[in-house]
Amino acid sequence: MILKKYCFLLFVFCIFHNSKAQEKESKTIDSVKTQKLDEVVISPLHINTRLQNTPAAIGILSKKDLLQNNATDISTVINTIPGVFMQSSNFTTTRISIRGIGARSPYGTNKIRAFYGSIPLTSGNSETVIDDIDLENIGQLEVIKGPLSSIYGAGLGGAILISPQLSKTNGENASVSSVFGSFGLLKNSLNYSVNEKSTSLNINYHNLKTDGWRENSSYNREGITLAGELFKKKNNKLTYFTNYTHLKAYIPSSITKEVFDSNPKLGAPTWVASKGFKEYKSTLAGLAYDFKINDHLSNATSIFVNYKDSNEPRPFDILRQYTFGTGGRTQFSGDFKIGKTENQFIAGIEYFTDNYNGNTFENLYKTNNGQGSLQGNQLTETDQKRHFYNIFSQIRTLLSDQFEIQAGLNYNETHFQLTNFLPNKNSTEKYSYDGIFSPQLSFLFKPNEQKTLYFSASRGFSLPATEETLTSSGNINPDIKPESGYNFEAGGKFYFFNKSLYTEFAVYRMEIKDLLVAKRIGDDQYEGINAGKTLHEGIEVLAKHNWPINRFLSLNSFIAASLGKYEFKDFVDNGNDYSGNKLTGVASNKVNAGIILNTPLGFYFSADFQFTDKIPLNDANSAYSDSYQIINLKTGYRFEILPNLNTNLAFGINNVTDEKYASMILPNAVAVGNASPRYYYPGLPVNYYGTISLNYLF
């Protein structure tokens with residue numbers, strides 16, 4: 001029945017040519033005369049910058065895509081990429097999985113690497129957080145699905161590449177915008193940019209806050225981002241970027257099925273009583289220097305720092321964490337010929353070191369007269385140092401105008417040291433994993449400039465998070481190994497109808513061995529084991545279309561579908577054989593679709609739809625969340641107030657049908673006493689927002 005629904009949706013959208021155009025940014029509305037979709041350009045750190053020449057499934061979100069909803073929540077827009085599933089209970093508790101990889105992570109995102117420019121957003125603890133980066137500070141977002149990029153570390157799930165917003169228009173530009181909405185939502189942003197011949201500057205300040213719709217769920221984040229270029233010349237430039245974020249977010253936590261059905265506004269009682277929250281200050285900063293050595297060889301070198309100071313009062317303790325990471329990356333790229341055969345190459349090395357210090361204290365909230373958390377005696381102190389390096393290379397050989405081969409290799413070595421100061425005094429252990437080779441080989445066939453077929457085979461790996469490396473006593477388990485797996489993928493990318501329709505598909509199969517399982521044996525205590533194998537296979541389809549209806553109207557539309565089969569192939573845990581069960585924490589099937597109707601008068605209307613299949617809540621598959629469908633609507637008006645002064649007014653409704661759904665689940669939640677497991681993070685009910693922005697070009 002579900003497959004019939006997908007086929008019907010796909011048929012309807014194909015009949016009406018529903019696809020979403022990739023559109024260039026402009027200070028006024030795009031002309032309805034535009035028919036061709038723009039050529040998609042990807043990060044310059046790839047071996048080539050044309051998506052059409054890349055033998056991999058890469059999801060792209062342009063600046064306009066990222067701001068399509070209310071410019072506050074990235075999960076709505078990133079879920080439009082087939083194969084990508086981002087769950088979000090609020091702005092700080094999120095989980096991203098790609099093709100099912102990372103779905104069983106308890107509270108955050110791991111097994112996926114992320115970069116802001118050339119700065120890793122993935123910590124030495126293997127945790128990735130992209131929520132701190134304000135959407136208005138992102139020029140473009142790319143998602144590489146699967147371990148197809150040796151250049152970015154060959155992560156099992158793939159990589160997320162975030163390009164900082166840089167000024168592209170000559171001269172000075174200033175803008176101010178506000179978003180206001182239901183449940184006390186308010187976001188204010190200020191931006192100033194200047195672009196001259198040899199320098200550019202982009203500075204942005206934002207403040208985002210909301211009262212939240214659940215108990216104990218208020219949120220406040222402010223940040224400032226500075227990015228730009230110096231010494232711009234024909235053959236070299238220096239790029240700089242830094243981002244500072246201060247955040248305080250109260251945590252309602254997950255709830256049981258009974259509470260979810262009866263009153264989803266409620267938070268978990270202990271989190272409400274302790275007024276649990278997360279507060280941190282984080283700083284990212286980096287420099288990147290690009291220069292052309294000669295006509296056939298270039299270099300890109302970058303250095304960075306990443307600092308985070310976090311405080312998290314929880315019902316069972318108070319956690320204080322300090323993380324300081326530094327590193328660098330250098331990459332040579334160029335081309336050469338062997339006979340008449342053209343070749344392009346990339347080779348380089350990436351080094352990363354991360355120092356982590358964690359402390360826990362008693363939480364005496366029960367004796368604090370209802371005032372919430374109160375710090376007591378120190379319970380533990382742990383220090384971890386982790387460093388690794390990746391050596392990577394990739395080559396592209398153009399055998400003819402139609403055939404090419406791309407091959408890559410990544411080599412990783414990781415070392416870490418764990419010191420427990422409390423309760424065991426000065427207990428230090430050192431450990432390292434064997435070096436990991438991750439090869440990749442791809443074949444690409446181009447019948448013409450508008451059609452591409454490819455096949456890729458690659459190997460990837462995922463390093464254990466801290467809790468996955470430990471025994472029940474908190475010591476390093478020397479038997480833990482990284483997860484690894486081989487990915488096989490075939491796909492195609494096609495333009496039709498004079499480039500007004502773009503379509504792509506991918507078929508993939510990945511088998512992961514040495515599956516890492518962090519079994520919860522206490523409130524904040526885990527024990528890791530390598531427990532078996534998982535199988536990930538599926539089909540992804542994407543179509544985008546630009547349809548000029550008449551001289552007054554144009555319709556941009558899209559449809560994206562993911563049909564997956566994610567299951568345990570060989571998995572025995574604590575004497576229970578889960579082999580053949582569906583993988584916990586991810587929907588097998590997901591469909592997104594949307595339309596944007598533009599007029600030359602400046603009025604526009606958009607609508608988008610998401611269907612998410614049911615999700616297994618535990619490894620035994622004894623409980624599932626319900627499938628759900630979300631519809632969002634938005635309308636607005638862009639116009640020029642004065643010469644060079646433009647404004648955009650918009651109004652939107654999210655979850656129009658007031659669907660009750662779990663926007664995030666806690667995999668394998670443990671029941672306490674006679675209570676049911678707390679699997680559910682309820683999603684927002686119907687909510688409204690308005691935006692106003694002013695932009696002045698000097």
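The paragraphs below go through a sheet, one residue in a strand, and several salt bridges of a predicted model.

The sheet comes first. Five strands make up an open sheet, with mixed pairing and the order 1-8-9-5-6. At its edges are strand 1 (58–62) and strand 6 (119–120), each of which pairs on one side only. Inside this order, strand 8, covering residues 138–145, runs antiparallel to strand 9, covering residues 158–164, and the two are joined over 7 bridges. One pairing can be picked out by residue: I144 has A159 in strand 9 as its bridge partner.

Further along the chain is strand 17, residues 318–338, which contains L319. Is L319 buried or exposed? L319 counts as buried, because its relative accessibility is 9% and the limit for buried is under 20%. What surrounds L319, apart from its neighbours within four places in sequence? Its contacts are S310, N311, E312, R314, N359 and T360. A related distance is that to G358: the two residues are 39 apart along the chain, and their C-alpha atoms are separated by 7.1 Å.

The salt bridges in the model number 25. One of them joins E489 and R99, with 2.8 Å between the closest N and O atoms. E489 belongs to strand 24 (residues 483–496), while R99 sits in the loop between strand 3 (94–98) and strand 4 (109–110), so this salt bridge ties together parts 390 residues apart in sequence. Both E489 and R99 are buried.

Another salt bridge links D309 with R320, where the closest N and O atoms are 3.4 Å apart. Here the partners lie in strand 16 (residues 297–313) and strand 17 respectively, so the parts tied together are 11 residues apart in sequence. D309 is partly exposed, with a relative accessible area of 21%, and R320 is partly exposed as well, at 23% relative accessibility.

A third example is the pair D514 and K481, whose side chains meet at 3.5 Å, N to O. D514 is in the loop between strand 25 (501–513) and strand 26 (516–522), and K481 is in the loop between strand 23 (451–462) and strand 24; the pair therefore ties together parts 33 residues apart in sequence. K481 counts as partly exposed because its relative accessibility is 43%.

Salt bridges can also share partners, and in this way R509, E511, E537, K565 and K569 are joined into one network.

Technical notes
Residues numbered from 1 in each chain as written. Predicted model: local features only at pLDDT ≥ 70, side-chain atom pairs only at ≥ 80, totals over all residues. Heavy atoms only, no water. Helix = DSSP H or I, 4+ residues; strand = E, 2+ residues; numbered from the N terminus. Buried < 20%, exposed > 50% of the residue type's maximum accessible area, 1.4 Å probe, protein only. Contact = heavy atoms within 4.5 Å. Pairing = 2+ DSSP bridges. Salt bridge = Lys/Arg side-chain N within 4 Å of Asp/Glu carboxyl O.
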